[in-house]
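Open the model in your viewer and keep the sequence panel beside it. We will go from stop to stop, selecting a few residues each time.

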Amino acid sequence: MALVAVQNGTRVEIRRDEKDSMPYLTTVGDILDESRVLLDVIRIGGEELRLPEATQFTVRFFTERGVYIYPSMMLGYESRGEYEFMVFQTQGSGEKVQRRQAYRLRCGQETDFKVFDRVGSVQTIEEGFIRDISSGGVRLYGMNELEINTHLYIRLPMIHDLWTHATILSKDRLYDAKFNWQYGVEFMGLSENYVESITQFVLVEQQKARARK
């Protein structure tokens, strides 16, 4: 079945091909049928970016059930009232991308992160706490409730203060002296070099922990 678990608000990566290390990030605006979706127009630094029509892309949907990848065709643009959307047609049933099964490192580091609204503008800047990290994401504590599929920009202080885009895939209430919510967060748009940096950090720290036992 096409478009597995995709809903309005689902976070999306658009790549020119699988080797593209600088994907465009956007959100599902509406689902037209089994294979066609409306995606919010891409904005970078507040400016709209137009993708070429009748062009093939690789699209990843970050759903609650996992990350699904579809070869897709950018058909064009469609206006609804004052808003304009990109029309994409997915091809085939999609492939579920296996989440990396790397060791999750407990690290306990304070951080800060930016919360984006639906049009790609920074809504708030929040304080947070990274409870653990893997090459695929983090467990993040925060003070305010955020919705699943919210787009974040997180600072990773343990990886040379690297900033990365991410999306919330799960949330749970916390009863902590400072933080009220726990989020399962998946990285988005990381280049292979950054993935390798995070993986190497996790593996080195894991080896140090084993050596101390």
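In which sense do strand β13 and strand β14 pair, and over how many bridges? Select residues 151–156 for β13 and residues 162–173 for β14: the two strands pair in the antiparallel sense, over six bridges. Bear in mind as you look that this is a predicted model. Now pick leucine 152, and you will find alanine 166 of β14 standing opposite.

**The barrel**

Next, widen the selection to follow the strands in the order β10-β11-β12-β15-β14-β13, which form a closed barrel of six strands with antiparallel pairing. From one strand to the next, the twist averages 45°.

**The cores**

Show side chains for Ile133, Val138, Leu152, Ile154, Leu156, Val185 and Ile198. These residues have the most contacts inside the largest nonpolar core, which has 25 residues. The elements giving two or more residues to this core are β10 (105–116), β11 (122–133), β12 (137–142), β13, β14, β15 (181–188) and α1 (192–212).

Stay with isoleucine 198 and display its surroundings. Beyond its neighbours within four places in sequence, isoleucine 198 is in contact with Ile133, Ser134, Ser135, Leu156, Ile159, Leu162, Phe187 and Leu190. Then move to Val28, Ile42, Tyr68 and Met74, which are among the residues of a second, separate core of 21 residues.

**Two loop residues**

Most residues other than glycine have a negative phi. Go to alanine 54, in the loop between β5 (47–49) and β6 (55–63), where phi is positive at about 55°. Is alanine 54 buried or exposed? Its relative accessibility is 63%, so alanine 54 counts as exposed, the cut-off being over 50%.

Asparagine 149, in the loop between β12 and β13, also has a positive phi, of about 80°. Here the relative accessible area is 10%, so asparagine 149 is buried, the limit being under 20%.

**Zooming out**

Finally, show the whole chain as a cartoon: you should find one helix and 15 strands. The radius of gyration is 18 Å, close to the 17 Å that the globule rule gives for 213 residues, so the chain is as compact as a globular protein of that length. Along its principal axes, the C-alpha trace spans about 55 × 30 × 30 Å. Switch on the surface to finish: about 11,200 Å² is accessible, and 46% of that belongs to carbon and sulfur atoms. Of the 213 residues, 47% count as buried.

Methods. Residues are numbered from 1 along each chain as its sequence is written. This is a predicted model: local features need pLDDT of at least 70, side-chain atom pairs count only at pLDDT 80 or more; totals for chains, interfaces and linings use all residues. Side-chain values use heavy atoms; hydrogens and water are left out. Two strands pair if DSSP finds at least two bridges between them. Helices (H or I, at least four residues) and strands (E, at least two) are DSSP runs, numbered from the N terminus. Axes are lines fitted to C-alpha atoms, for helices over the stretch in contact, and angles run from 0 to 180 degrees between N-to-C directions. The radius of gyration is taken over C-alpha atoms; the globule rule is 2.2 Å times the number of residues to the power 0.38. Buried means under 20% relative accessible area, exposed over 50%, partly exposed in between (1.4 Å probe, protein chains only). Accessible areas come from the Shrake-Rupley method with a 1.4 Å probe; for residues, only the protein chains shown count as cover. A nonpolar core is a set of buried Ala, Val, Leu, Ile, Met, Phe, Trp, Tyr and Cys residues joined through side-chain atoms within 4.5 Å. Contact means heavy atoms within 4.5 Å.
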